[in-house]
Amino acid sequence: MRTRRALLYVPGNDRHKIEKAITLGADCICLDMEDGVALNRKAEARATITKALRELDFGRSEKLARINAVGSGLEKDDIDAVLPYRPDGIVIPKIETLEQIQWASEIIEAAELAHGWPVNSIRLIVDVETAKGVLNLKEIAAHPRLDALIFGAEDFAADIGAVRTPEAWEVFYARSAVVTACAAYGLQAIDMVTIDFKDIEKIRQEALFGARLGYTGKQIIHPNQVALVQEAFTPDDESVAHAKRLIAAFEAQQAKGSGAFALDGKMIDLPLVKAAERVLERARAAHKI
Ligand code: COA
Ligand code: MG
């Protein structure tokens, strides 16, 4: 699966921002037709996105297109407009049921077959950002075309009537439920947006906290968030060195017949080895090792 640490939204009707986005080295660029676009600019966004997919080289950045929610009345025109230009993936917001994913997956498969593209090559990523979406995570997360779930904190808070606070405890249950569903089904987990995009330290802290919760990436909205979010979701040198040392020590101890042992005054056994392996997996995914 490809690396998705920083998923940058770009309003689909803004050609200047799209052109800028492809120069930033973001892992994923999500050309938005949903909430980043005013209602009277939806058609313009579709046209601008299809033109950009046709004309621009996105380099190593993944090309994603976010359609409007299933049931909005806009979703069919959105998906039909972008699919012929072969985005790498479709993002569906406000997902609540497995049927909504199946609806999109069938349309995508028909396009893949019609164009002679490998079936399942266009991936799906969905935003879980409503109470119903969180309650239905178990069935939603099992769909085979999915690569990742995105947690949307602002929509979720609005849906349940919570007030957003800097600590984000009001969304903690849902934030944790999404990352748990991702782990259960082998998906990537993409954390909430930090809307105060000028507050660099806040973004860094929120990204690091998300990474500690188990998230593999984060949604971003501004160029100044790309590098620091990528860094927050890449294990640092110290964590990589420690993980390697722990695994080497564990292997040596296993050979000697001990399952649990002490390293630097801490008890080490299999769960810690698994955690160390996850650190190395993430470092490899980020081409750090
Ligand atoms: N992608 C690419 N380029 C972006 C960008 C983005 N998401 N956000 C800002 N830029 C560009 C600006 O166009 C500007 O370019 P320039 O220097 O060549 O003129 C530069 O980065 C600096 O932008 P800045 O002036 O700091 O911000 P702004 O006032 O232009 O835009 C926002 C602020 C929040 C409106 C803008 O960042 C944005 O549209 N973000 C995405 C919002 C979105 O899609 N939301 C829905 C999903 S949550
Ligand atoms: Mg949303």
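The following paragraphs lead through a predicted model, from its domains to the surroundings of its ligand, an aromatic pair and a buried histidine.

The chain is divided into two parts, with domain 1 covering residues 6-232 and domain 2 covering residues 237-285, and the centres of these domains, taken over C-alpha atoms, are separated by 34 Å.

Around ligand 1 there are 14 residues, of which Tyr9, His16, Lys17, Ile221 and His222 come nearest. Strand β1 (6-11) and helix α1 (15-21) each supply at least two residues of this shell, and β1 gives the most, with 4 residues. The polar contacts include a nitrogen atom of ligand 1 at 2.8 Å from a backbone N or O atom of Tyr9, a nitrogen atom of the ligand at 2.8 Å from a polar backbone atom of Ile221, and an oxygen atom of the ligand at 2.7 Å from a polar side-chain atom of His222. Taken alone, ligand 1 exposes 890 Å², and the protein buries 62% of that area.

Turning to the aromatic residues, the count comes to 3 aromatic pairs. One of them joins Phe250 and Phe261, whose ring centres lie 6.4 Å apart with their planes at 40°, so the pair is tilted, given that stacked pairs need planes under 30 degrees apart and edge-to-face pairs over 60. Phe250 belongs to helix α11 (residues 237-256) and Phe261 to strand β9 (residues 261-263), 11 residues apart, and both Phe250 and Phe261 are buried.

His143, finally, lies in the loop between α6 (137-140) and β6 (146-151). With a relative accessible area of 12%, His143 is buried, because the limit for that class is under 20%. Leaving aside neighbours within four places in sequence, His143 is in contact with Leu98, Ile101, Gln102 and Ser105.

Definitions and conventions:
Residues numbered from 1 in each chain as written. Chains lettered and ligands numbered in written order. Predicted model: local features only at pLDDT ≥ 70, side-chain atom pairs only at ≥ 80, totals over all residues. Heavy atoms only, no water. Buried < 20%, exposed > 50% of the residue type's maximum accessible area, 1.4 Å probe, protein only. Contact = heavy atoms within 4.5 Å. Phe/Tyr/Trp six-rings, centres within 6.5 Å; stacked < 30°, edge-to-face > 60°. Domains from an automatic or database assignment. Near = heavy atom within 4 Å. Polar contact = N/O pair within 3.5 Å; in protein donor to acceptor, adjacent residues only side chain to side chain. Areas by Shrake-Rupley, 256 points an atom, 1.4 Å probe, with all protein chains shown as cover.
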